[in-house]
Structure formats: structure tokens, C-alpha cells
Amino acid sequence: MKLIRPKEEYLPQYREAVHEDIKYRPHVAGIFSDPNKVIAYASNLEKGIDLPPGYVKATTFWLIDGEKFIGQIGIRHQLTPALLQFGGHIGYEVRWSESGKGYGTKMLQMALPFCRSDLGLDRVLITCDEDNLASRRVIEKNGGIFENQVINHLARGRVKTRRYWISL
């Protein structure tokens, strides 16, 4: 298994993952982007080019197992007041067909050294919806310490958000 920055050779599998999300998770907001723009978008995010309002620099990695695209993890380089409440430093998603196999836990574990060594962070904030038990387990297995729960008012409505810190 390896974490890589988005690459052209994995785009067909990335497209498959997007279609899986559309088919099997139609009511869940995913982090997968438009496959036709994802590589340029990830590069621009990391360089801080054309950031949408409220966005910060972020590095995107894809988890590859063998030659298969498994999932994506995005690491925000800093926190804004909004990201302190919802989003945190890290967001991740495992493609639907690979969910429940421990990939989320492994992907987060593999990404944490980058946060320390490349970004100089001593700790990272990760948030998840209160009812997202799978994400809670991923965070807790990686040393996440629950700080509190907050209410966020998002486009999808009122959301109870759990906030965790992982010391690096």
C-alpha cells in the first residue's frame, strides 16, 4: 500500500469510485472531485492557486493497494475558525466497494507522518458527524482524543459534529 499524489494512471479507477458513490451513497456528501479536473484541482490546492473562498492550502493523497485506487485523504495545512468547528485538518473517503476493510484506518495512519514532518504540525484536528460510527472508529484507532461535540449549520442542515485531536 502507498499514498501518492493524484496521478493520471489511476483516473479510470478514480472514475469508478465516483460512480460507486453516486450509485450507493447518493445522499452522502463525498470528497471525490470531478475526475476530469481532480489532478489539476489537487495541484492547485496544494500550491494555494485559485483557492475558493474559505479554503486553505491542502495536500491530496490517493491510497493505492497493489495497482488499485482505494481512497483519498485531504490534509489541510492550517485551520480557519470554520475548520475548527467542521472539517478540521483531515478529510478522507474510501471507495464504496472497499469500505469496511480497514483501509480508512491505514490511510489515516500513513498520512499522519506527513502532517508532522512536512507541515510541522504537533497535532491535528479531525471531525466527523456524530452518527458516523465508521469514521469515529478510524479516528480513535489512530489515537484521536474526543474533545467535544458541536452543532454546525451546513447546507445539508443541522449537524452534530464530534471533534477529535491526534497528537503527533
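Arg25 counts as buried, because its relative accessibility is 19% and buried means under 20% relative accessible area, with exposed over 50% and partly exposed in between (1.4 Å probe, protein chains only). Arg25 sits in the loop between α1 (11-24) and α2 (38-47); helices (H or I, at least four residues) and strands (E, at least two) are DSSP runs, numbered from the N terminus. A polar atom of the Arg25 side chain lies 2.6 Å from the backbone oxygen of Val94, which fits the usual cut-off here: a polar contact is a pair of N or O atoms within 3.5 Å, where within protein one must be able to donate a hydrogen and the other to accept it, and residues adjacent in sequence count only if both atoms are side-chain atoms. Not counting residues up to four places away in sequence, Arg25 touches Glu20, Glu93, Val94, Arg95, Trp96 and Ser99, with contact meaning heavy atoms within 4.5 Å.

A word on what you're looking at: this is a predicted model, in which local features need pLDDT of at least 70, side-chain atom pairs count only at pLDDT 80 or more, and totals for chains, interfaces and linings use all residues. Residues are numbered from 1 along each chain as its sequence is written, and side-chain values use heavy atoms, with hydrogens and water left out.

Val94 takes us to strand β4 (residues 90-94). In β4, 5 of the 5 residues are buried, so the strand is largely enclosed by the rest of the structure. Both of its faces are covered, with Ile90, Tyr92 and Val94 on one side and Gly91 and Glu93 on the other. Strand β3 (residues 68-76) runs antiparallel to β4 and is joined to it by 5 bridges; Gln72 has Glu93 as its bridge partner in β4.

Now step back to the sheet that holds β4. It is an open sheet of 4 strands in the order β1-β2-β3-β4, with antiparallel pairing; two strands pair if DSSP finds at least two bridges between them. At the edges stand β1 (2-4) and β4, each of which pairs on one side only. From one strand to the next the twist averages 25 degrees, where axes are lines fitted to C-alpha atoms (for helices over the stretch in contact) and angles run from 0 to 180 degrees between N-to-C directions. In the middle, β2 and β3 pair over 8 bridges in the antiparallel sense, and Asp65 stands opposite Lys68 in β3. Two helices join in here: α2 lies across β2 and β3, running at about 135 degrees to β2, while α4 packs on the sheet, touching β1, β2, β3 and β4, with its direction at about 45 degrees to that of β3.

For a residue inside that sheet, try Ile64, which belongs to strand β2 (residues 58-65). Ile64 is buried because its relative accessible area is 1%. Leaving aside neighbours within four places in sequence, Ile64 is in contact with Met1, Lys2, Ile4, Tyr10 and Phe69. Ile64 and Arg5 are 59 residues apart in sequence, yet 10 Å apart in space, C-alpha to C-alpha.

In the loop between α2 and β2 you'll find Asp50. Is Asp50 buried or exposed? With a relative accessible area of 69%, Asp50 is exposed. Asp50 also has a positive phi of about 50 degrees although it is not a glycine. Most residues other than glycine have a negative phi.

On to the other sheet, an open one of 3 strands in the order β5-β7-β6, with antiparallel pairing. Its edges are β5 (123-129) and β6 (145-154), each with a single partner strand, so one side of each is left without a neighbour in the sheet. Neighbouring strands are turned by 30 degrees against each other on average, direction ignored. β6 and strand β7 (residues 157-167) run antiparallel and are joined by 9 bridges, with Asn152 opposite Val159 in β7. Helix α5 (residues 133-141) packs on this sheet, touching β5 and β7, and its direction makes about 15 degrees with that of β7.

The buried residues of α5 are Ser135, Arg136, Val138 and Ile139. They cover an arc of only 160 degrees around the axis, which puts them on the same side of α5; the arc is that of the directions from the helix axis to the C-beta atoms. These buried residues pack against β4, α4 (103-117), β5 and β7.
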